[in-house]
Amino acid sequence: MNKEDKKISVIIPVYNVEKYLRRCLESIINNTYKNIEIICVNDGSPDNSLNILNEYAAKDSRMVVLSKSNGGLSSARNKGIKESTGEYITFIDSDDWVHPQFFEILIQTLEYDNTDVAICGFSQVEKYEDCFINYLNNGYDRKKWIISIDELLHDKKYKMFKVYSCGVLYKKNKIYSLFPEGIKVIEDNIFNLLNLPLYSKISIINIPIYFYYYNNESIMHTYSCNDAYNGLIWFCNFLDKDASLDKRVIIEVVDFIYKRCLFYRYVFFLLGDKKSAQKNTKKCYKTLILYDKILPWRKRVLYRICIIFPFLYHILKQIKSGKQNVEHIFSLAESKILKQ
């Protein structure tokens, strides 16, 4: 492969991020791999973000600035996908940044391993730091991280790698489903659960070259009970409408909805919104009981018992987490989702 004969479309949804946007753009523009198009989708941002985008676009011809009325993260990403011209696609959030060799490592790994997707490690940080390590010269372990989709879905040690769409290099012609619009939470989960099971082999790079910015002042500010469940209800409606789904996809979707229903009901019980959580859980359960026979019987029985007797799940969660503290229960990565 000629070093840079494959174009990567970098899709960046932009909304109200003037404080962070420059560091994100600088990290992308200064990457060692140059054959990229940087598609920035201004999602009706009310601050100075659009002016910053236009400033950078005037200096770098690889930048494409698109503007639209505010429609949310999924809507912005979908517009970027539709306008992209690269053979590969990756997503970067506008308050995050990437390692200087981010694109080069991802595309070399994917091409060398002949896989459909390359997923990198990430680091959750609270402030910007110069993070340059010359991985390409120093080397990194790659071969043992070539896995099948079944390993990604079912092996717990790969759990975090199936949650995010950022830090992933996708072959564009392998993206069959767009992001679900109109929901605030779990859009990345839905996108990956509908797309990844259709792939064959996946490369996982065990080095942190994507940097998630974690703002610890914004936990739970915009995350309502209905926001949490809207994505699950969307997933339930999707199951009801599409009978042609691959069996593996249905298994993963049903298992995911069950786990999230129980988790959200537990969290919003702690937050004092018990009625809304119960109401939304019942909506999901009406669909789940139609499909959960596809799950192993022990798992199916446990889920159903916990749905009927939620306090059992509360006890199990307390034993596992050690305390009833919402900020402790949510991982840093989940808090990243909360503030979008």
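A residue is called buried if its relative accessible area is under 20%, exposed if over 50%, and partly exposed in between (1.4 Å probe, protein chains only). The model is predicted, so local features need pLDDT of at least 70 and side-chain atom pairs count only at pLDDT 80 or more, while totals for chains, interfaces and linings use all residues. Residues are numbered from 1 along each chain as its sequence is written, and side-chain values use heavy atoms, with hydrogens and water left out.

**Exercise 1. The whole protein**

Task: State how many helices and strands the protein has, and what share of its residues is buried.

Solution.
Step 1. Helices (H or I, at least four residues) and strands (E, at least two) are DSSP runs, numbered from the N terminus.
Step 2. The protein has 14 helices and nine strands.
Step 3. Of its 340 residues, 54% are buried.
Step 4. Contact means heavy atoms within 4.5 Å. Taking contacts between residues at least 6 apart in sequence, 84% join residues at least 24 apart.

**Exercise 2. Two sides of helix H11**

Task: Compare the span of H11 with the expected value, then find which of its residues are buried and which are exposed.

Solution.
Step 1. The expected span of a helix is 1.5 Å times one less than its number of residues.
Step 2. H11 covers residues 297-308, which is 12 residues, and its first and last C-alpha are 17 Å apart, close to the expected 16 Å.
Step 3. Tyr303, Cys306 and Ile307 are the buried residues to mark in H11.
Step 4. The directions from the helix axis to the C-beta atoms define an arc. For the buried residues of H11 this arc is within 105°, so they line one face of the helix.
Step 5. A general rule helps here: an α-helix has 3.6 residues a turn, so residues three or four places apart point the same way.
Step 6. Trp297, Arg298 and Ile308, on the other side of H11, are exposed.

**Exercise 3. Aromatic rings around phenylalanine 191**

Task: Classify the pair of phenylalanine 191 with tyrosine 170 and its pair with phenylalanine 179.

Solution.
Step 1. Rings of Phe, Tyr and Trp (its six-membered ring) pair if their centres lie within 6.5 Å; planes under 30 degrees apart count as stacked, over 60 as edge-to-face and the rest as tilted.
Step 2. The structure has 20 aromatic pairs. In the pair of tyrosine 170 and phenylalanine 191, the ring centres are 5.4 Å apart and the planes are at 85°, so the pair is edge-to-face.
Step 3. Tyrosine 170 belongs to strand S8 (residues 168-171) and phenylalanine 191 to helix H7 (residues 187-195), so this pair ties together parts 21 residues apart in sequence.
Step 4. Tyrosine 170 has 0% relative accessibility and counts as buried; phenylalanine 191 is also buried, at 0%.
Step 5. The pair of phenylalanine 179 and phenylalanine 191 is stacked, with 4.0 Å between centres and 5° between planes.
Step 6. Phenylalanine 179 sits in the loop between S8 and H7, and phenylalanine 191 in helix H7, so the pair ties together parts 12 residues apart in sequence.
Step 7. Both phenylalanine 179 and phenylalanine 191 are buried.

**Exercise 4. Cysteines**

Task: Count the disulfides in the structure, and give the sulfur distances for cysteine 166 and cysteine 236.

Solution.
Step 1. A disulfide is a covalent bond between the sulfur atoms of two cysteines. The criterion used is a pair of cysteine sulfur atoms within 2.5 Å.
Step 2. Searching the whole structure gives zero disulfides.
Step 3. For cysteine 166, the closest cysteine sulfur is that of cysteine 24, at 9.4 Å, too far for a bond.
Step 4. Cysteine 236 is in no disulfide, and its nearest cysteine sulfur, in cysteine 284, is 4.1 Å away.
Step 5. Cysteine 166 is buried at 5% relative accessible area, and cysteine 236 is buried at 3%.

**Exercise 5. Glutamine 101 and tyrosine 128**

Task: Locate glutamine 101 and tyrosine 128, and decide whether each is buried, exposed or partly exposed.

Solution.
Step 1. Glutamine 101 is in the loop between strand S5 (97-98) and helix H4 (102-113).
Step 2. With a relative accessible area of 4%, glutamine 101 is buried.
Step 3. Leaving out residues up to four places away in sequence, glutamine 101 touches several residues, among them Asn31, Thr32 and Phe132.
Step 4. Tyrosine 128 is in the loop between strand S6 (117-125) and helix H5 (135-138).
Step 5. At 46% relative accessibility, tyrosine 128 is partly exposed.
Step 6. With residues up to four places away in sequence again left out, tyrosine 128 touches Arg23 and Trp97.
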